[in-house]
Amino acid sequence: MNNSVILKTEHLSKSFFKYQVLTDVNYELKKGEIAAIIGPNGAGKTTFFNLITGYHTVSGGHVFFRGQEITNWQRHKIARIGITRAFQISNIYPKLTTYENVRQSILAQQKRTLNLLTPAEKMAKQETLELLEVTGLANLKDTEAGILSQGDKKKLELALALACKPALLLLDEPTAGMSSEETHETMELVKRLNKEVGLTILFTEHDISVIFGYAEKLSVLHQGILVAEGTPEEVRQNKEAQACYLGEEI
Amino acid sequence: MERKKSFIKRYWLPLVLFIIALLLPALIPSFWVHVFTEILILGLFAIAFNLIFGYMGQLSFGQAAYYGIGAYTTGLLMVKANWPLIATLPVSMITAGIGALILGFFCVRLRGVYFSILTIAFGQLVFFIIFQWYSFTGGDNGLQGINPPDWLFSAVPYYYFTLIVVTIASIIIYFITESPFGYTMRAIRDNTERTEFIGINVQRYMLINFIISGMFCGLAGALWGPFNRSVAPDLCGWQHSGTPVFMAVMGGPHHFLGPMIGSVIFTFLNAFVTGFTEYWPLVSGIVIIFVVMLMPGGVFGVIKEKGYFKAKEPVSNGTNPVDKGRD
């Protein structure tokens with residue numbers, strides 16, 4: 001396997017009872033790439049993420065991360081080796097404050113969560129505040145996360161994922177529920193992380209401007225099958241992709 | 001000076017409660033000193049239970065097993081091996097912790113009602129082992145003659161001894177709840193799934209918490225034996241496992257002192273009502289119905305709702321279309 005390939009799937013398949021949700025997906029993502037998976041609702045995008053991150057068990061095929069097979073590993077182990085995800089529907093700690101949410105994720109990354117006697121409020125202050133600043137949540141740090149607006153919850157979702165300092169970040173519709181201004185800010189942040197830190201990013205998205213504005217590589221899923229792949233321009237020209245998702249106006 | 005002020009501002013309630021507890025024996029007859037000793041012991045039991053219920057979000061109906069293991073460890077060591085009371089306390093915590101490790105290993109694999117049912121099943125298992133093992137535990141006769149040393153024999157000294165042990169144990173538990181581990185428990189309670197995805201082995205952490213809870217339940221049990229001068233298998237039964245549940249629900253599981261306040265209400269009512277009628281369970285049942293229907297967050301829940309602890313308003317940074325539309 002090529003060293004620059006960070007994520008690879010071979011014949012990856014998933015079925016729920018008799019329903020085949022993902023069929024024989026062979027996919028490769030290079031280190032430092034920013035790529036998108038697109039497709040209509042029900043195409044299998046989230047399932048693809050779920051299989052990579054151990055959320056669902058794989059029915060067939062293999063997942064490799066940095067050349068190491070991680071198929072059906074436990075979720076926390078996958079997170080520990082450097083794959084983190086942000087969920088489509090924000091998946092945060094509603095009873096904790098925004099600050100406590102982010103601190104929890106940072107302390108987990110620093111492997112300090114088994115500390116029983118030091119007050120958590122004295123730990124990781126600087127890092128937490130910095131990340132809140134970067135994700136635009138600094139002014140909401142004392143707000144209970146459950147009562148944040150939908151857009152802010154999505155930002156917090158991203159902050160929780162970034163706090164894990166991943167090598168590969170999977171973002172499932174990262175800008176859903178955000179205003180156009182927030183969408184732009186968030187995607188600029190993602191792009192900056194990609195350029196400055198070399199974070200590899202794989203995202204799904206429905207917003208065409210986001211897809212073509214930020215992804216260097218596109219893959220089109222349709223009914224669980226990978227039908228097209230290439231640069232945004234190549235996919236734009238691809239007849240199969242046009243037929244199943246993009247439509248003629250693209 | 002500033003630090004001292006913020007310390008008092010933050011901990012005024014436990015400080016006031018502690019001062020009241022210190023003064024109580026001078027103000028009340030010895031019957032009520034006994035009652036308040038019981039309040040402290042059961043309060044520690046409830047605080048330890050609440051590590052699982054309030055902080056980890058799972059309902060254990062089997063914590064009496066560890067309370068019982070602690071009580072029997074102290075009882076057996078004092079009666080059969082003549083150990084001093086103080087030496088038996090850490091040993092009781094260790095045996096209860098080992099019990100929690102063995103049984104918790106299976107319980108933490110389950111969640112919700114299945115977790116609760118397994119804790120009841122294991123609790124009953126411990127109950128029946130103690131109940132049947134006549135040669136060692138005295139079976140249904142229990143163990144008698146667990147007498148504290150002379151200096152602790154009367155009500156007031158034993159009360160102060162209990163107060164010191166319970167205060168130290170509560171401070172340790174409080175530190176644990178405020179540590180990164182304590183926040184990980186809140187994280188597991190709030191969103192187990194997300195906690196796995198930030199790289200935490202949820203089952204392992206739940207087991208550690210189960211053991212810590214079991215150890216402090218064991219410590220509470222260890223204080224009970226010499227207080228009551230005897231132990232009986234009922235201490236491990238499922239009905240006794242319900243006691244800390246009632247207390248936490250009454251006082252408020254989302255505040256550290258909630259279970260202790262619940263213990264004050266529950267034990268005080270018990271002592272008071274049994275003076276008038278033998279139908280104490282009927283009264284406690286009515287009180288529970290009242291609390292669950294009218295005060296779902298317990299006493300502390302109501303205080304918080306009434307705005308005593310400043311409620312947080314929904315806040316947004318104003319860049320959302322929904323918020324913009326409000327103007």
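## Close-up views of a predicted two-chain model

**View 1. Helix α8 of chain B is mostly covered.** Of the 11 residues in helix α8(B), which spans residues 180–190, 10 are buried. This is a predicted model. The buried residues of α8(B) begin with Pro180(B), Phe181(B), Gly182(B), Tyr183(B) and Thr184(B) and go on to Met185(B), Arg186(B), Ala187(B), Ile188(B) and Asp190(B). What do these buried residues of α8(B) pack against? In chain A the partner is α3 (98–109). In chain B the partners are α2 (30–55), α7 (155–178), α9 (192–197) and α10 (202–228).

**View 2. The second largest pocket is lined by 24 residues.** The pocket holds about 670 Å³ of space. Closest to its centre are Gln239(B), His240(B), Thr243(B), Phe266(B) and Trp280(B). Five elements of chain B each give two or more residues to the lining: α2, α5 (112–132), α11 (238–251), α12 (258–273) and α13 (280–294). Which of them gives the most? Helix α11(B) does, with six residues. By type, the lining divides into 12 nonpolar, 10 polar and two charged residues.

**View 3. An open sheet of four strands lies in chain A.** The strand order is β2-β1-β4-β5, and the pairing is antiparallel. Strands β2(A) and β5(A), the latter at residues 68–69, are the edges, and each pairs on one side only. Strand β1(A) covers residues 5–16 and β2(A) covers residues 19–30; eight bridges pair them. Their hairpin has two residues between the strands. There, Phe17(A) takes a positive phi near 55°.

**View 4. Lys8(A) has a partner in β2(A) and another in β4(A).** In β2(A), Lys8(A) stands opposite Glu28(A). In β4(A), Lys8(A) faces Phe64(A) across the pairing. Strand β4(A) runs from residue 60 to 65 and is antiparallel to β1(A), with five bridges. Further along the sheet, two bridges pair β4(A) with β5(A), again in the antiparallel sense. One bridge there links Phe65(A) with Gln68(A). Helix α1(A), residues 45–52, lies across β1, β2 and β4 of chain A. How does this helix run relative to β1(A)? The angle is about 115°.

**View 5. Six strands of chain A form an open sheet with mixed pairing.** The order is β6-β7-β8-β3-β9-β10. At the edges are β6(A), residues 83–86, and β10(A), residues 225–230; each pairs on one side only. On average, neighbouring strands are turned by 20° against each other, direction ignored. Strands of a sheet pair through backbone hydrogen bonds, either parallel or antiparallel. Strands β9(A), residues 217–222, and β10(A) run antiparallel and are joined by five bridges. Within that pairing, Ser219(A) stands opposite Glu229(A).

**View 6. Strand β7 of chain A is buried along its length: five of five residues.** Is β7(A), residues 168–172, enclosed or open? Five of its five residues are buried, so the strand is largely enclosed by the rest of the structure. In a regular strand the side chains alternate between the two faces of the sheet. On one side of β7(A) are Leu168(A), Leu170(A) and Asp172(A); on the other are Leu169(A) and Leu171(A). Both faces are covered. Strand β7(A) runs parallel to β6(A), with four bridges between them. Thr84(A) has Leu169(A) as its bridge partner. Strand β7(A) also runs parallel to β8(A), residues 200–204, with five bridges. Here Leu171(A) stands opposite Phe203(A).

**View 7. The whole structure has one cavity of 30 Å³ or more.** Its volume is about 30 Å³. Which residues line this cavity? They are Ala86(A), Phe87(A), Lys154(A), Glu157(A), Leu158(A), Pro174(A) and Thr186(A). Four of the lining residues are nonpolar, one is polar and two are charged. Helix α5(A), residues 150–163, gives the most to the lining, with three residues.

**View 8. Glu133(A) is an exposed residue of helix α4(A).** Helix α4(A) spans residues 125–134. Is Glu133(A) buried or exposed? Its relative accessible area is 56%, over the 50% cut-off, so Glu133(A) counts as exposed. Glu133(A) and Ala159(A) lie 26 residues apart along the chain, with 10.0 Å between their C-alpha atoms.

Definitions and conventions
Residues are numbered from 1 along each chain as its sequence is written. Chains are lettered from A and ligands numbered from 1 in the order in which they are written. This is a predicted model: local features need pLDDT of at least 70, side-chain atom pairs count only at pLDDT 80 or more; totals for chains, interfaces and linings use all residues. Side-chain values use heavy atoms; hydrogens and water are left out. Two strands pair if DSSP finds at least two bridges between them. Axes are lines fitted to C-alpha atoms, for helices over the stretch in contact, and angles run from 0 to 180 degrees between N-to-C directions. On a 1 Å grid over the protein atoms alone, a cavity is a set of points where a 1.4 Å probe fits but cannot get out, and a pocket is an open set with protein on both sides within 12 Å along at least five of seven lines; lining residues have an atom within 4 Å of a point. Grid points are joined across faces, edges and corners, and a volume is the space filled by probe spheres set on the points. Ala, Val, Leu, Ile, Met, Phe, Trp, Tyr, Cys and Pro count as nonpolar, Asp, Glu, Lys and Arg as charged, and the others, Gly among them, as polar. Buried means under 20% relative accessible area, exposed over 50%, partly exposed in between (1.4 Å probe, protein chains only). Contact means heavy atoms within 4.5 Å.
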